Structure formats: structure tokens, C-alpha cells
Amino acid sequence: MFKESYNKNIETVENYIENYFNNALSHLEENLTAPLKYSVLNGGKRIRGILTIEIAKMLGGDVDNALPFAMAIEFIHAYSLVHDDLPCMDDDDFRRGMPSCHKKFGEAMGVLCGDSLLNLAYEVMLDSILKGTLGANKAAKAVAEFSGIFGMIRGQVIDISLVNKENVTLKDLELLIDNKTCALIKAATLSGAYVSPHSDEDIKKVSEYAYHLGMAFQIRDDFEDEDEDKEGDGTPNFINLLGRDEAHKKLIYHKCEAEKILAKYNNNEFLLGLNEFLFGKF
């Protein structure tokens, strides 16, 4: 039942993005739009975009109001991956089993593709504000805050600084993940909340949920990377800092805290199912 709902959500987000590309970008040159489509429509899990629409549903909001922000989040996530893969950053030649954007289209187009996707995200959100969508101004502010120097980009800078730091502490690592991973999840969930009926307490709880989900998600990734015997980039992770047993306990803690928050709401079935889908095997 969950997998069916999840696949339907993926289809909803994918169709919305494809329709946007086919309509809004149809008059532009193919060498401009091809890298964007290649980098966004590449089989991603759409977890962040889905979080936006499912938080809106949980709070009794209109999915149509949430979808532009779900798309904006997916654009920002895609841009971050395109720039992550560049030679000056992680220097990765492949993304999801395919050549990374700069390997397929060239390094200059990789930079411009990321720039374009970030700008498109803001255009989409500004359109929602101009249309008078409930809470769109606060939703856009949250996305801007948590994807910029107060969130994801700050996390990238912290990541670079920790590569050569000796004696990295748990506090260092948690600060890194709170910004690099949790921040964009906060952007996704809070934007869904702001375009829906909400209280100040709802915003507080949704932000806490995003933090715990993001922490658990990162530890899950650490386990999967280790199990696949991937070579790290030098950045510490929860497993090499805490050991497998303590990292596992920390994952379960954050998973359970996220579930406690969701339990306070109606219409939470999908998000509880997502927790089990992501972390059930641990």
C-alpha cells in the first residue's frame, strides 16, 4: 500500500516538472535546456519534493499550492548535486549510474546548469507569491534560508573545513549534517507547512521532524556507503566516529523521535510509512 502511494507521489512530482519544462522552457534553445532536463529528470527518489506535498496533506493543505514548492526543492537539490560533482568539488564522473552533468555537457555547462536550476527555483516560488498563494511568501523565505548560507551552503563549507581537521567531534559532525543534509529537508517540510493551515506549534514540530529525519537519513547513507565499500572523500561520518553499534542506536533514536512527532497528527499514514520504508531494515 505504501509503495503504491509512494510511486503515485513520484509520478505526481515528475509530471509536474515535465509539464513545466515542456511549457515554460519550450521556446529556449536545446543546448540550454538539455542539461537541466538531464539533471532533474534522472530517476531520483523525489523524497524532498514528496515531503513538501505530504506535509501539506497532513496539515489539511491543498496539494496544488504545495507542488510549485516541491518542484523548486527538486530543482535546488538537483543543482546542488550538479555542483557537487564538479572537478572543483567532489570531482565525480557519475551520478546514479550515468555520466555526471559536467562529464556529459562540459564543465562550463555544468556550472551554468546548476546556476539555472537555482534561479528557476526562485522564479517558480515568486510566481506562487504573485498569484497570492496562502503562505507562499513564508514558504519561499524558508526555502531560501535553508538552501543558502544559513543552511545547505553553510554545510558545504563546513564539509570542506572538516576534511583536514584532526579529532573531529560528534558536535562537529552533527553541525555538518544539520546544515548539509537536514537543512534542505527542513526547506521541503516547512514550505509544505507554510502553504497549508498551520499554527506556530506546527511549524516548530515540522522543523523538529525534519531534523530527526535528516539525521536518520544521513546515518542510513553512511551504512549504505560502508556496505557498498565506497571510498570516502575524507569527511568523517557517524560510523567511523561512533562505531557501527552506536551509529545504529543513533539512527533508531532519530527515527523514533520523528515518529513521535508524526503521531500527534491525523493524515500521517504516508509519512509514517516513509519512515518505515527508509529505516525499517535497521
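Helices here are DSSP runs of H or I with at least four residues, numbered from the N terminus. Residues are numbered from 1 along each chain as its sequence is written, and side-chain values use heavy atoms, with hydrogens and water left out. Keep in mind that this is a predicted model, where local features need pLDDT of at least 70, side-chain atom pairs count only at pLDDT 80 or more, and totals for chains, interfaces and linings use all residues.

Let's start with helix 3, residues 47–58, and helix 4, residues 63–84. Their axes (lines fitted to C-alpha atoms over the stretch in contact, with angles from 0 to 180 degrees between N-to-C directions) come within 8 Å and cross at roughly 160°. That makes helix 3 roughly antiparallel to helix 4, a label for angles over 145 degrees. The crossing is right-handed, meaning that the near helix is turned clockwise from the far one by less than a right angle.

Which residues of helix 3 meet helix 4? Contact means heavy atoms within 4.5 Å, and on the helix 3 side we find Ile47, Arg48, Gly49, Thr52, Ile53, Ala56 and Lys57. Their partners in helix 4 include Val63, Phe69, Ile73 and His77. The residues of this contact divide into 9 nonpolar, 3 polar and 3 charged. In this scheme, Ala, Val, Leu, Ile, Met, Phe, Trp, Tyr, Cys and Pro count as nonpolar, Asp, Glu, Lys and Arg as charged, and the others, Gly among them, as polar.

Now follow helix 4 to another neighbour, helix 7 (residues 136–147). The axes of helix 4 and helix 7 come within 11 Å and cross at roughly 15°. That makes helix 4 roughly parallel to helix 7, as angles under 35 degrees are called. Phe69, Ile73 and Ile76 of helix 4 touch Ala136, Ala139, Ala140, Val143 and Ser147 of helix 7. Here the split is 7 nonpolar, 1 polar and no charged.

Finally, let's look for empty space. A cavity is a set of points on a 1 Å grid over the protein atoms alone where a 1.4 Å probe fits but cannot get out, and lining residues have an atom within 4 Å of a point. The structure holds 1 cavity of 30 Å³ or more, and the largest cavity has a volume, the space filled by probe spheres set on the points, of about 40 Å³. Its lining is formed by Ile47, Arg48, Leu51, Ile185, Leu213, Phe217 and Leu278. Helix 3 and helix 11 (200–227) each supply at least two of these lining residues, and helix 3 gives the largest share, 3 residues.

Terms used. Helix = DSSP H or I, 4+ residues; strand = E, 2+ residues; numbered from the N terminus. Parallel < 35°, antiparallel > 145°, perpendicular 65-115°, else oblique. 1 Å grid on protein atoms, 1.4 Å probe; cavity = no way out; pocket = protein on both sides within 12 Å on 5 of 7 lines; lining within 4 Å.
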